[in-house]
Amino acid sequence: MTDLYARHKAVLPDWLALYYEDPIEITHGEGRHVWDAQGKKYLDFFGGILTTMTAHALPEVTKAVSEQAGRIIHTSTLYLNRPMVDLAERIAQLSGIPDARVFFTTSGTEANDTALMLATAYRQSNQILAMRNSYHGRSFSAVGITGNKSWSPTSLSPLQTLYVHGGVRTRGPYAGLSDAEFIAACVEDLKDLLGHIRPPAALIAEPIQGVGGFTTPPDGLYAAFREVLDEHGILWISDEVQTGWGRTGDHFWGWQAHAAAGPPDMLTFAKGIGNGMSIGGVVARAEIMNCLDSNSISTFGGSPVTMAAGLANLTYLLEHDLQGNARRVGGLLIERLRAIAAQLDGVREVRGRGLMIGVELVRPGSDEANPRGASAVLEAAREQGLLIGKGGGHNTSALRIAPPLSLTVAEAEEGAAMLERALRCAQ
Ligand code: PLP
């Protein structure tokens, strides 16, 4: 155990998730690579934790941050804040939500918390619909709507949550159904649930479940849900914390894979927009956002330094068409990983879109989840010089691949080769 790890264990909570038996201290990064304290170089196939959206140490972002920090780091949203208004305008326009208002927070959790507060106030109900296997953050209300209970450290919650099917298809009663059958079964489940209760305030859902192992529903699922929700006056909140900003390649937002439903009533974002600076937020129609009749503030939400980072990062992303890159390079990577998986006994499925790719592991020769195998592959990949993630909860058997969106074809091939060796080593 390194000295830093011993000190970490002595002072930080036991429940703070940490990867690897011998955890890595990362000291610096550049592009799609990071280096540890011993000087070992890694290809970062997890983009921090989907936070490094464009590239590590992107000069444009570093420059914007240091220039803004040189002027002023923080005052307060009690005063007018130009970078905050600039970024809010760009996000409102990109969101697809009509008459959009944006509220900035410092995390995805706080963004979801705010969306829940708005939905419950707007609809005067403290019931929420959430998806099984979902993850929405770690505040008291966010854990209360997190279906992936291994990431929900308390079962007490101020909200009443009802869980809906629509994610996992690799096992259980929904396995083996066609896309259309799966959607029909999930819609029936939702209708059945709503037949017995007063309408909840909202349904919150990740278009592709992140912590749940990049579990990807068929296109159109939320459009089908939306019809039912509309009949009952239930709002739709799309949690885009992992799926936003072009990561899924085909779409700028995850909800657009269900575009027949039109935009959601609210979307929440965080992770990649600041390229690692702590920005989260909610976008909502004005009538919903403004339904609160008391004053509110987030002391650090909208801080000028983070807003400057977000603006520079978003500008780079759009000017360099990183969404298009995610589609092209992600498409090649998915194909390559499917070809590798076809030769191996222990890979059940390669799923996802763009640069959000899940690799579901099973015990060879069975359909049983293989969380130990996933941990072994993580360790073996690290030896190869490749960082990847894994899915949480009952889906710890999924590897998660989400590199910065500037990944090159050569890096995708190099990473796929390293992952293939790791999968073979760990079998
Ligand atoms: N929502 C989703 C979909 C997430 O993946 C996460 C974090 O992983 C959150 C919300 C919470 O975000 P944060 O960790 O920034 O509070």
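What follows walks through the overall build of the chain, its two domains, its nonpolar core and one of its helices. The model is a predicted one.

Starting with the whole chain, there are 13 helices and 15 strands. The radius of gyration comes out at 21 Å, close to the 22 Å that the globule rule gives for 427 residues, so the chain is as compact as a globular protein of that length. Laid along its principal axes, the C-alpha trace spans about 55 × 55 × 45 Å. Buried residues account for 52% of the 427 residues. As for contacts with a separation of 6 or more, 75% of them join residues 24 or more positions apart.

The chain splits into domain 1 (3-54 + 321-426) and domain 2 (62-319), so numbered that domain 1 is written in two segments and domain 2 in one. Their centres, taken over C-alpha atoms, sit 24 Å apart. Where the two meet, 34 residues of domain 1 are in contact with 33 residues of domain 2. On the domain 1 side, at least two residues each come from helix H2 (47-50), helix H11 (322-342), and strands E11 (347-353), E12 (356-361) and E15 (398-401). H11 chips in the largest share of that side, with 6 residues. By type, the domain 1 residues that touch domain 2 break down into 11 nonpolar, 15 polar and 8 charged.

Now for the inside. In soluble globular proteins, nonpolar side chains tend to be buried together. Here, the largest nonpolar core has 113 residues, and those with the most contacts inside it are Ala202, Leu203, Met266, Ile357, Leu386 and Ile388. Helix H10 (residues 304-319) gives this core its largest share, 9 residues. Both domains take part, with at least three core residues drawn from each of domain 1 and domain 2. Met266 makes a handy example: setting aside neighbours within four places in sequence, Met266 is in contact with Ala115, Leu118, Leu235, Ile237, Val282, Val283, Ala284 and Ile288.

Two of those partners, Ala115 and Leu118, fall within helix H5 (residues 108-123). At 1.5 Å a residue, the 16 residues of H5 should span 22 Å, and the end C-alpha atoms are indeed 22 Å apart, which agrees. Of these 16 residues, 13 are buried, so H5 is largely enclosed by the rest of the structure. Just past the end of H5, Gln124 adopts a positive phi of about 55 degrees.

Methods. Residues are numbered from 1 along each chain as its sequence is written. This is a predicted model: local features need pLDDT of at least 70, side-chain atom pairs count only at pLDDT 80 or more; totals for chains, interfaces and linings use all residues. Helices (H or I, at least four residues) and strands (E, at least two) are DSSP runs, numbered from the N terminus. The expected span of a helix is 1.5 Å times one less than its number of residues. A residue is buried if 20 or more other C-beta atoms lie within 10 Å of its own, exposed if 12 or fewer, and partly exposed in between; C-beta atoms are placed from the backbone. A nonpolar core is a set of buried Ala, Val, Leu, Ile, Met, Phe, Trp, Tyr and Cys residues joined through C-beta atoms within 7 Å. Two residues are in contact if their C-beta atoms, placed from the backbone, lie within 7 Å. Ala, Val, Leu, Ile, Met, Phe, Trp, Tyr, Cys and Pro count as nonpolar, Asp, Glu, Lys and Arg as charged, and the others, Gly among them, as polar. The radius of gyration is taken over C-alpha atoms; the globule rule is 2.2 Å times the number of residues to the power 0.38.
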